[in-house]
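Q: Could you walk me through the aromatic rings in this structure and how they pair up? I'd like a close look, in plain words please.

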Amino acid sequence: MEEMHQVAIAAKDPASGRQLSSQVSILSAMELIWNLCEILFIEVAPAGPLLLHLLDWVRLHVCEVDSLSADVLGSENPSKHENFWKLVTVLVLQGRLDEARQMLSKEADTSPTSAGMCRILGDLMRTMPILSPGNTQTLTELELKWQHWHEECERHLQDGTFAASPHLESLCKIMLGDEAALLEQKELLSNWYHFLVTRLLYSHPTVKPIDLHFYAQSSLDLFLGGESSPEPLDNILMAAFEFDIHQVIKECSIALSNWWFVAHLTDLLDHCKLLQSHNLYFGSNMREFLLLEYASGLFAHHSLWQLGVDYFDYCPELGRVSLELHIERIPLNTEQKALKVLRICEQRQMTEQVRSICKILAMKAVRNNRLGSALSWSIRAKDAAFATLVSDRFLRDYCERGCFSDLDLIDNLGPAMMLSDRLTFLGKYREFHRLYGEKRFVDAASLLLSLMTSQIAPRSFWMTLLTDALPLLEQKQVIFSAEQTYELMRCLEDLTSGRPEHGEPDAQQLQDDDIETTKVEMLRLALARNLAGAIIREGSLEGS
C-alpha cells in the first residue's frame, strides 16, 4: 500500500495515477474490514477494552491527523496557525487527549485571556476516566467515575465557563458526547464509523459487544442523514458490528473484485473455529469453497498458477481433483514450464497427468523433428504406441541418412527398451552396429539373424537387414553357419516372393526396382558363396 501510494503520487499519467489510487483505496478498505474482524471476532474484547480496540482501529485508519500535526507544530507559532483549532478538534475526536492538552497549553502560553479556560478544559481531559489495559478497576467503578466526570463537564458548560471561546465550548460539547456538536464536525470525522467510535467514547465508554450494532446503525443513519445510501463498505462494516460473520463474507464476495481477501479472511476465521457450523450444501465447507475459487483464479495467471497449487494442497476434500482439472489446462508454452508442471504432478503422484503431459511434449518434439526428445518423453509417459511411432521415425531416418541421431539415448535405453517391440528392435539394431564396429562379427551375425527370425524386425526393414548382412557374408572367414545361411535365404525368398504386382510402372519406380533387383542378385550370390564355404568348413570340421 505504501509503495503503491508513492507510485500513484509520482505517476506522470493521470489515468495510471487514478488507477493506482483506486487500488490503494481498495487495499485500505480491506485492511479496515480485516482489522475490525480481528477486534470483534478474534480478540472478542469485552466491554471496556472493546472501546480501546475500536479507538486504535479508527486512529490507524484515519491518519491525516499526523500530517496535520507535523504541519502545525512545524510552524513558528503553532497556536496562531490557521489549522491549530482543527488539529485540537481532531485530536479530541480521536480520544488523543494528552496531545490535545499539550496543544491547549501552547494556546494558554500565548493568549492570557483564554489561559484559565484552557487550563480547566485541560484538567477535564486529564481526569477523564478510561479503562486502560493494565488497570484493575471494575466496569462498575469506571462507570461511576465516568458519570461524575461527565456531570462536571456538563456543569462547566451550563455555568458558561467556556462561553468566551467558541472553540473551547465546542470541544467541551464534543467531550459530553453531544450528537449535534459531533455532527458539526462531520468533515473532520470523515466517515460514520469514526463518528460511532467518538460518540461511544464520550457517551457509552463501557459499551457491550451485544449493543454495538444498535449504536452502529443509529450512527450510520445520523451521519448519512438520509442524504445518501450506504456504500458496499458500509454494509460490510455494519454486518461485522452485528457479529454476522457469514454476512461479512458474503458482502465482501460481492463487493471485491477477486477472492483474495475473502479466502484469507475466511481461512483465518475457520482456524479460530468460528465457521464450524457453516457447511455448504455441495459437500465442501465455506473455507475450502473460497480457497478453491481463489486458487482457480490464480491458475488463469501466467506465473501465479504455481501459487494456486499450494492453495489446492490445503483443500482436503476437493483440492486434489480441482488441481488435476486445472493442471491439464495449463498451456505448456516452454519446456521449462512443462518440467515445472511435471515436477508438481510427480510430487503428488498424479500419474495420469504425468502421462498426459509427457505425451503432449513427445508430440511437440516430433513435430519439431527432435526425435531424441520425443523418444525420451514417450518413454517417460510409458506410451508404447507413441514409442513405436518414434522408433519408426528413427529407422526411417537411418534408412535415408545411413546413421542414427541421438546415439547416447539409444545406447542407454536399458529396461525402457521393453516398452514396445519396435523400441526393442531399435535398441537391438543399434547394438548390432556397435558389435560390428567392435569387429565382433560372430555376435553381430547371430544378433542380426535373431532380429529377423524372431519377427521383432518390421518386414519393411528386412531388406536393410539383409543388406547389412552382405559385408559379413563377404568376409574371408565364414561367419554365418550353413543353418544360419539357410535361414537368411528363406527370409530373402519370403521377401521377394511376397511382392505385390504393380500397374504401369513409372521411371522412378523402374529405377528403384533395378536397384532392388541388383541387391537381391548380390545377396543370392553372396549367400550361395557363404553356404558353399560353410558346408566345406563344417564338413572338414566333422571329418577331422
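A: Sure! Keep in mind that this is a predicted model. Searching the whole structure turns up 12 aromatic pairs. Let's zoom in on tryptophan 57 and tyrosine 193, which make a tilted pair. Their ring centres are 5.3 Å apart, and there's an angle of 40° between the planes. Why call that tilted? Planes under 30 degrees apart would count as stacked and those over 60 as edge-to-face, so 40° falls into the rest.

Now look at where the two partners sit. Tryptophan 57 belongs to helix H3 (residues 49-61), while tyrosine 193 belongs to helix H12 (residues 192-203), so this pair ties together parts that are 136 residues apart in sequence. Are these two buried or exposed? Tryptophan 57 has a relative accessibility of 2%, so it counts as buried. Tyrosine 193 comes out at 10%, so tyrosine 193 counts as buried too.

For another example, try phenylalanine 299 and tryptophan 305. They form a tilted aromatic pair as well, with 6.3 Å from centre to centre and 50° between the planes. Phenylalanine 299 is buried, its relative accessible area being 11%, and tryptophan 305 is also buried, at 2% relative accessibility.

Back to our starting pair, because there's a bit more to see there: ring pairs join Trp57 and Tyr193 with Trp192 and Phe241 into a cluster.

Conventions:
Residues numbered from 1 in each chain as written. Predicted model: local features only at pLDDT ≥ 70, side-chain atom pairs only at ≥ 80, totals over all residues. Heavy atoms only, no water. Phe/Tyr/Trp six-rings, centres within 6.5 Å; stacked < 30°, edge-to-face > 60°. Helix = DSSP H or I, 4+ residues; strand = E, 2+ residues; numbered from the N terminus. Buried < 20%, exposed > 50% of the residue type's maximum accessible area, 1.4 Å probe, protein only.
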